[in-house]
Each structure stands twice: as structure tokens, then as C-alpha cells.
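Biologist: Please pick one strand and look at it closely. Then place it in its sheet, and the sheet in the rest of the model.

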Amino acid sequence: MSLEFSGPAKQKIAALCERYPDAGSKKPVVLAALHLAQKEFGHLSDDALRLVAATLELPYAHVYGVATFYTMFRREPGGVTTIRMCTNISCMLRDGYDVLAAFEQKLGLKKGESNKEFTLVEEECIAACANAPCAVVGTKYFLDITPAKVSAIVDELRSAPHPEGEVV
Amino acid sequence: MPTDRTTKLVSARFGDDKARTMAGYEASGGYATLRKALAMRPEDITAEVKASNLRGRGGAGFATGVKWGFVPPGSPKVHLVCNADESEPGTCKDRELIYWDPHLLIEGMIISAHALRAHHNYIYIRGEMMREYVVLAKAVEEAYQRGYLGTNILGTGVTVHLTVHRGAGAYICGEETALLNSLEGLRGQPRLKPPFPAVKGLFGNPTIVNNVETLMNVPLIVDKGGAWFNGLGMGRSGGTRMLCVSGHVEKPGVFELPMGITFRQIIDEVCGGVWKGRKVKAVIPGGVSMPPLDADELDVPCEFDALQTDERIKPVMVRPGEQFNLGGGKALRTMAGSGGVVVLDDHCDIPKAVWRIMKFFAHESCGQCTPCREGTGWMEKVARRVADGTGKPGDLELLSSIAHGIAGNTICALGDAAAWPMLGFLTKFRADFEAKIQQRAA
């Protein structure tokens, strides 16, 4: 095995394993461990999944099955900052697709693509519908976005990245 | 009598940045009710919640006290789980509630856990709510430090533990049995019911799953009494309602409003009317899973029972002349759902909006049941070509047929949630779809 969790990550996982005393296994910690692995290694490679499986004493197949079910986990490298731009109904009704197109143009990326700095995701509803169109970037929300505001948002994120891993 | 519009029960601390901290919350009266509740017998708390007619604010509107009563008496291990996986399109209240008043949720959970004799309890928060996770994790830590969580709380002998559990992106985890599977570290796929979670839920133990807003109402009910709370509401629905208004209104927002306010009042009086001086074409009353209202149905009250039974709301049809049967011949009108009110104006391209809704369900189907897995993708494909103006004659009948084939034939309600709006929009806005198809023929 080529990967290892950092000391703080190991401690965090060990502490979380105490929080589910009725589970009879470490299985409930798998989402948290995958979030941590993605933070530390950037994406969930086969080796990262093996590490999570070994750490939690779970079959690799189980961890693989979980990692590929949830949309926030990525199996390929991505950008430092992930922009999750909603286009669901409330955002669509207020030109969210035009905002998404403006992000694509400014970043030079299609939705779903990444470069070193950014990953652009067309997201389903992020629960900020009263301020549509909206995007979530780590712990930061961008609300009432218009295509004209996109350039400044990207410049801001370029100078102050908001990786999702900071939350874990 | 319903409250006036200034009554704020769960949104009273909105806008107060200090309320997020333990000191600020306590300074505004927070955790005072907890002391009262810990001195009460668990069954007396449940009795107050039953008397309050508090109904689940997540979507189904089930009576909270009745749900609690389903836990078999004497169960050695019980869990309370807060569903903070808000992701029904058009719904944005729980995120705000957590952000502004995390300790009210925690206080509500401790009191409810005491009522249920539940020791190990969890808040399942949606993975994308990263800011709110940070807020909530900090508040839980504060509550442990202050002795409100843990063993022997305030020397009363009561034990309540609380853990914030992050999801990782899956709408289906808002469905309570999918949520429990996700909490257990599995793929978020719903379980066949029965057994219901109140009998066999998390780790095989009796488990109550309640929505954020639901639990945040509990301290007020214990403080002022179930009868008081019931008196604020309408009919068999106690309290107020958090409504999230989005789409084509002048002033969208998240508002705590009287139970039973009409949609016309919400749009015209609360939200400044339809934007750009336009008129209403359709209103989605409670998240996209719910069949829409048309412009003639805006005077109905936004209340759980009224939206299901008010005869001013036209029944959903499977096809012209054939009413959708909800079971036992019961008509499907609509439901109050999650409080997500989406307003569509008279310039709105209805088939395009419906396509976007179908795209969502196709993306979020967990894949477990064939009618939903195949049907949602098929509906999205057909709805897209209709919206694009490349639809074929017979496509509307095809959409009806697929939706009818999904409804009622899946393990969980996601299948119904996709089928009902499809049939509802076809029932009330058929001309808009037909015009798109004729446009191609021309």
C-alpha cells in the first residue's frame, strides 16, 4: 500500500469510530474517511479506497461501492477549488444556465471538467433557491449571480481558493 | 386561529449573528426549556407534542407525536436522527435554520431524545452544506462543553449523545430509510417498508427520523404547551410554516408564515407580486415532487390537509378523462411537501421547466427499482425532445404512460415524486405541450 493517512486524519477517524457504539463495526465512518482521503490525496484512487478499506476493516468492494454512489467523491484528480453551480428549477427560472455558460467561458472548462485550479460542476439544487441563481464553493455561497458577476467571482476564487477539503 | 405574519417561532433569531454561539443563544433564553424538559417524564413530553399537532416539515406532514408513539415501549436502544439532507428543489429553509440557530436544533434534539429515551443520536447533514456543517459541528462541541450533551446531563441522570454525520451528495438520502443506510455506511438506497424505522431503523433499533424545522419547534411546544402551539395553526396542523419562495416573484425569500396562508397572499402580499408586472402561470406548492397549481387555484390555503383535499384544486389525470387513483379511488390533488413554493410566470416555457424537473429525477434515481431507474431516464429523454420542439405525435401519451407505470410501483417515494409532477403538469398545462409538438409539425 502506497498511501497513508496523516496523523490528524488518523486521530479524527479513531475518534469518529467511537461515535457509533451500536453499529458493531467501523462501517458508519466510511463517508467521513472518504471525505478525509479525498482531502489528503486530492481524489479517490484505487489505492485511496484500499487505504480506507484497510483502516476501517471493510472489504474493498464495499468501499468502492460507496465511493461511486455519492456525487461529491471523485475518482479522478480535480481542481483545488470546486464550483458547484446550480441549474435546477429555481435557478433555471432566473437564467442559471446563462450563468453556467459564463463560468464555462471564463474558466475555459465545460461543466464536469477540471484544470489544476478549478473543477466546474453543474449541481442539483443547493438549497439557496430564494437567492437564485446560486453556487456553492466550499463554505462560501455566491448568491443572486448574473453572468456579469462571474468574472469577478472567478478572480476572487483565484486569489483566495476555497477547497472543499477545508471542511473535513 | 392562525397567527399573524409577525409571529416567529423558529426564525426568531434570523439575522442575529451572536445567536449562533452558546453565549448568544443562552442570552436570548436558549436552553431554559431544556431544564424544564429534563424534569418532565418522557411520556409527558410526547403527550405535549401529540397535543400540539406538530406535523413533519420535511415533506410528508405526518403527525410528529404519533410517529414517536410508534416506538415499541421498553425498547432498550432507540435512536433519534435529524434529517438535515434538505435537497428538494425549491426548498431552502433548513439550511437557513441551521445557519442562524444551530443551538435551537440541538436543544430540540436533546428534549426529543429524552422523550424517546434515545441515547445515541445523529444529525445527517447534506454533504454540500459545508458552511452549515462547520456551524453545527461547533455548536455541538459547545453543547458538550457546557454539559447539555453527554452522560448525566445537568445531574439529571439523562444521557444524550449527538453526532453530526456528513453526507456526500445524493438527493435520495433525504428519504428516511436511504438516510439510515447512508448513516450505517452503505450506499444510500431505500429499504422496503415495513418494518418502519420507528420499529426497526438504525442498526436494527427503533429510530425516529425528524426534519430540522420539526425538531426546532419542540422546545417551544414544551415551553408553552401543546395546546398553545396547536392554537396557532389551522385545522389539524399546529404552529407556523417556513416557506421558501423562489422563481418569478419580485422578492423571493425564506419566510415564517401563518399555517394556511393562501398562495395569492404569499405571492402578492409577502413577495411583492409576480416579477416584471407579469401574471402567474403555475405554482409548485411544496418542492418539485408535488403537482403544480394553476392560476385559478391560488386561493387555497398552504396547509397539509387543504392541499390534499380542497376541491378547488383540480385532480391530477393519468390522461384526459381518466383520473389518477391514489388508492381506493382517492384523487391526487397536490401536497404541502417541503415548503418550497416555486412561482412560474405567464412567459414561462412550461415544457422546458418540466424537462429540468425530469432531468433532476433521472439524475437522482438510486437505481434500485426498475420502474424508477428506467422510467425517470425515459421521461427525461421524451420531455427533452418535447421541450426542444422535436417531439413526436404520441409523446404526451407516452409520458403519461411512463409516469403511470412508475407511480406506486417502487420501494420509495422518489418514483412517485417524478411521476406526480409529470402527470400534474400534463393535466393542467396540456396546451403548452401540444403547442410544442404542433410547432414541429408546422
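Modeller: What follows starts at one strand and works outward.

Some bookkeeping comes before that. Residues are numbered from 1 along each chain as its sequence is written, and chains are lettered from A, ligands numbered from 1, in the order in which they are written. This is a predicted model, in which local features need pLDDT of at least 70 and side-chain atom pairs count only at pLDDT 80 or more, while totals for chains, interfaces and linings use all residues.

The strand is E5 of chain B, residues 240–247. Helices (H or I, at least four residues) and strands (E, at least two) are DSSP runs, numbered from the N terminus. Is E5(B) enclosed or open? Eight of its eight residues are buried, so E5(B) is largely enclosed by the rest of the structure. A residue is buried if 20 or more other C-beta atoms lie within 10 Å of its own, exposed if 12 or fewer, and partly exposed in between; C-beta atoms are placed from the backbone.

In a regular strand the side chains alternate between the two faces of the sheet. Here, Thr240(B), Met242(B), Cys244(B) and Ser246(B) point one way from E5(B). Arg241(B), Leu243(B), Val245(B) and Gly247(B) point the other way. All of them are buried.

Next, the partners. Two strands pair if DSSP finds at least two bridges between them. E5(B) pairs with E6(B) in the antiparallel sense over six bridges. One bridge partner is Val254(B) in E6(B), set against Cys244(B). The link from E5(B) to E6(B) is a hairpin of five residues. With E11(B), E5(B) pairs in the parallel sense over four bridges. There, Gly247(B) stands opposite Val343(B).

These strands belong to an open sheet of five, ordered E6-E5-E11-E7-E8 in chain B, with mixed pairing. Its edges are E6 and E8 (293–294) of chain B, each pairing on one side only. Further along, E7 (280–284) runs antiparallel to E11(B) and is joined to it by four bridges. Asp345(B) in E11(B) is the bridge partner of Val280(B).

The loop between E7 and E8 of chain B holds Met290(B). Why does Met290(B) count as buried? Because Met290(B) has 28 C-beta neighbours inside 10 Å. Leaving out residues up to four places away in sequence, Met290(B) touches Ile284(B), Pro285(B), Thr334(B), Met335(B), Gly337(B), Trp420(B) and Pro421(B). Contact here means C-beta atoms, placed from the backbone, within 7 Å.

The sheet's strands also reach the interface with chain A. There, 48 residues of chain B are in contact with 39 residues of chain A. E5, E6 and E11 are among the elements of chain B that each supply at least two residues of the side touching chain A. The largest share, six residues, comes from H13(B). By class, that side of chain B has 21 nonpolar, 17 polar and 10 charged residues. Ala, Val, Leu, Ile, Met, Phe, Trp, Tyr, Cys and Pro count as nonpolar, Asp, Glu, Lys and Arg as charged, and the others, Gly among them, as polar.

Chain B also has an open sheet of four strands, ordered E3-E2-E1-E4, with parallel pairing. Its edge strands are E3 (161–166) and E4 (207–211) of chain B. Neighbouring strands in this sheet are turned by 20° against each other on average, direction ignored. Axes are lines fitted to C-alpha atoms, for helices over the stretch in contact, and angles run from 0 to 180 degrees between N-to-C directions. E1(B) and E4(B) run parallel, joined by five bridges. His79(B) stands opposite Thr207(B) in E4(B). E4(B) is mostly covered, with five of its five residues buried. Thr207(B), Val209(B) and Asn211(B) point one way from E4(B), Ile208(B) and Asn210(B) the other. Helix H9 (212–224) of chain B lies across E1 and E4 of chain B, at about 95° to E4(B).

One enclosed helix makes a useful comparison. In H6(B), 15 of the 15 residues are buried, so this helix is largely enclosed by the rest of the structure. Just after H6(B), Arg117(B) takes a positive phi of about 55°.

Technical notes
Two residues are in contact if their C-beta atoms, placed from the backbone, lie within 7 Å.
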